[in-house]
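User: Please take a close look at a single part of this protein and set it in the context of the whole chain. A connected account of how that part is packed would be most useful.

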Amino acid sequence: MPEEDLIELKFRLYDGSDIGPFQYLPTSTIGMVKERIVSEWPKDKKIMPKSANDIKLINAGKILENSKTVGQCRMPFGELPKAAITMHVVVQQSVPKSKTEKKVVEAPRQQMCQCTIM
């Protein structure tokens with residue numbers, strides 16, 4: 001595949017540092033991109049994703065879906081040729097659901113008569 005068809009991406013982290021740039025085929029999925037971000041994540045950061053599901057990628061103000069391809073997420077205008085596209089990375093670790101969640105039982109509402117005297 002010619003090098004001109006590759007899309008160059010870099011990823012801006014919460015503290016302003018970057019991961020990349022890396023080159024991807026337009027047919028690469030966002031899920032594949034997230035896996036690479038997790039594997040390349042700097043070890044000295046306080047916040048670290050445990051899996052690709054903990055990461056959200058934002059490009060042009062939109063959260064990218066895992067099933068979309070890199071080519072579908074590319075902006076059709078405003079991008080300079082041969083320039084890396086910067087995407088923002090948000091780490092949002094999933095909270096495991098506890099099996100011992102207690103159901104809150106609502107107390108039945110008492111019907112009260114309300115009278116207005118004028």
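**Packing around L9 and α1**

Analyst: In this predicted model, L9 touches P21, F22, Y24, V70, I85 and M87, leaving out residues up to four places away in sequence. L9 also belongs to the largest nonpolar core, a group of 20 residues in which L9, F11, I37, L57 and V89 touch the most other members. At least two residues of this core come from each of β1 (7–12), β2 (18–24), α1 (30–40), β3 (55–59), α2 (70–73) and β5 (85–91). The largest share, 4 residues, is supplied by α1.

That helix merits a closer view. Within α1, the buried residues are I30, G31, V33, K34, I37 and V38. They lie on the same side of α1, because the arc they cover around the axis is only 155°. The general geometry of such a helix is relevant here: with 3.6 residues a turn, residues three or four places apart point the same way. The cover over the buried residues of α1 includes β1, β2, β3, α2 and β5.

The approach to this helix can be followed through S28, which is placed in the loop between β2 and α1. S28 counts as buried because its relative accessible area is 8%, under the 20% limit. Its contacts, apart from neighbours within four places in sequence, are with K68, T69 and V70. V70 is also one of the residues touched by L9.

A further feature involves α2. The second largest pocket has a volume of about 180 Å³ and a lining of 10 residues. Nearest the centre of this pocket are N59, K62, L64, Q72 and C73. Both β4 (62–63) and α2 supply at least two residues each to the lining. Thus α2 contributes at least two residues to the largest nonpolar core and at least two to the lining of this pocket.

These details sit within a chain of 118 residues, of which 25% are buried. Its secondary structure consists of 2 helices and 5 strands, arranged along the sequence as β-β-α-β-β-α-β. Among contacts with a separation of 6 or more, 60% join residues 24 or more positions apart. The protein exposes about 9500 Å², with carbon and sulfur atoms supplying 53% of that area.

Notes:
Residues numbered from 1 in each chain as written. Predicted model: local features only at pLDDT ≥ 70, side-chain atom pairs only at ≥ 80, totals over all residues. Heavy atoms only, no water. Buried < 20%, exposed > 50% of the residue type's maximum accessible area, 1.4 Å probe, protein only. Contact = heavy atoms within 4.5 Å. Areas by Shrake-Rupley, 256 points an atom, 1.4 Å probe, with all protein chains shown as cover. Core = buried A, V, L, I, M, F, W, Y, C linked by side-chain atoms within 4.5 Å. Arc of directions from axis to C-beta. 1 Å grid on protein atoms, 1.4 Å probe; cavity = no way out; pocket = protein on both sides within 12 Å on 5 of 7 lines; lining within 4 Å. Points joined across faces, edges and corners; volume = space filled by probe spheres on them.
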